[in-house]
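Student: I would like to learn how to read charged contacts and overall shape in a model. Where should we begin?

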Amino acid sequence: MKLKFDNIRKSFVRVFGGSVLTEDFFLKNMRFIIVIVLVIFLFISHRYSVIQKMAEIEKLEQELRDAKYESLTISSSLTEASRQGEIERRIEEAGLELKVTNGPVYYINK
């Protein structure tokens, strides 16, 4: 039991003391380790930017849905206001003396 604890302690001191970085394995593969660390940083930053863009896309989709509903509401109220019966009712409410003609429309040519 004492032997295992000493081995763990020596390994811990070797890794966190920095002497593990001076061994041949790490010195020979230092470029590869640096490249791996850079790739990891690139993946993390890329993931972060993708998450930000997805949030912006969701926000814009919500704005688009709101604009579509608003457009539909305005279109429906415009359709209702442009009906002949509605126009006649508004003319009567305004007190204008306009009437719908029963005769055909005549065009005057030059």
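Tutor: Begin with the charged side chains. Glu-86, Arg-89, Arg-90 and Glu-93 are linked in a network of salt bridges. Keep in mind that this is a predicted model.

Student: How many salt bridges are found in the whole structure?

Tutor: A search of the whole structure gives three. To read such a pair, look at the distance between the nitrogen and the oxygen, with 4 Å as the limit. For Glu-86 and Arg-89, the closest N and O atoms are 2.4 Å apart. Arg-90 also forms a salt bridge with Glu-86, at 3.2 Å from N to O. Glu-93 and Arg-89 meet in a salt bridge of 2.3 Å, N to O.

Student: In which helix is Glu-86 placed?

Tutor: Glu-86 is in helix H4, which covers residues 84–94. With paired residues in a helix, check their spacing along the sequence. Glu-86 and Arg-89 are three residues apart in helix H4, so about one helical turn separates them. Arg-90 and Glu-86 are four residues apart in helix H4, about one turn of the helix. Glu-93 and Arg-89 both lie in helix H4 as well, four residues apart, again about one turn.

Student: Is Glu-86 buried or exposed?

Tutor: Compare the relative accessible area with the cut-offs: under 20% is buried, over 50% is exposed, and partly exposed lies in between. Glu-86 has 16%, so it counts as buried.

Student: What are the classes of its partners in the network, starting with Arg-89?

Tutor: Arg-89 is at 37% relative accessibility and counts as partly exposed. Arg-90 is at 46% and is partly exposed too. Glu-93, at 58%, counts as exposed.

Student: Which residues does Glu-86 touch, not counting those up to four places away in sequence?

Tutor: Leaving out the sequence neighbours shows what else packs against a residue. With residues up to four places away not counted, Glu-86 touches Glu-80 and Ala-81. The side chains of Glu-86 and Arg-89 are also joined by a polar contact of 2.4 Å.

Student: Let us turn to nonpolar surface. Which residues form the nonpolar patch?

Tutor: For a patch, read the member residues together with their combined accessible area. Here the members are Leu-27, Met-30, Phe-32, Ile-34, Ile-36, Val-37, Leu-38, Ile-40, Phe-41 and Ile-44, with about 950 Å² of accessible area together. Helix H3, residues 30–81, gives the most to the patch, with nine residues.

Student: Where is Ile-36 placed?

Tutor: Ile-36 lies in helix H3. Its relative accessible area is 37%, so Ile-36 is partly exposed.

Student: Now the whole chain. How many helices and strands does it have?

Tutor: The chain has four helices and zero strands. Along the sequence, the pattern is α-α-α-α. The radius of gyration is 40 Å, well over the 13 Å that the globule rule gives for 110 residues, so the chain is more spread out than a compact globule.

Student: What does the C-alpha trace span along its principal axes?

Tutor: The C-alpha trace spans about 115 × 45 × 20 Å along those axes.

Student: What part of the chain do buried residues make up?

Tutor: Buried residues make up 2% of the 110 residues. The accessible surface of the chain comes to about 11,100 Å². Of that surface, 64% belongs to carbon and sulfur atoms.

Conventions. Residues are numbered from 1 along each chain as its sequence is written. This is a predicted model: local features need pLDDT of at least 70, side-chain atom pairs count only at pLDDT 80 or more; totals for chains, interfaces and linings use all residues. Side-chain values use heavy atoms; hydrogens and water are left out. Helices (H or I, at least four residues) and strands (E, at least two) are DSSP runs, numbered from the N terminus. A polar contact is a pair of N or O atoms within 3.5 Å; within protein, one must be able to donate a hydrogen and the other to accept it, and residues adjacent in sequence count only if both atoms are side-chain atoms. Contact means heavy atoms within 4.5 Å. Patches are made of residues with over 30% relative accessible area and no salt bridge: like charges are joined within 9 Å, nonpolar side chains (Val, Leu, Ile, Met, Phe, Trp, Tyr) within 5 Å. Accessible areas come from the Shrake-Rupley method with a 1.4 Å probe; for residues, only the protein chains shown count as cover. Buried means under 20% relative accessible area, exposed over 50%, partly exposed in between (1.4 Å probe, protein chains only). The radius of gyration is taken over C-alpha atoms; the globule rule is 2.2 Å times the number of residues to the power 0.38.
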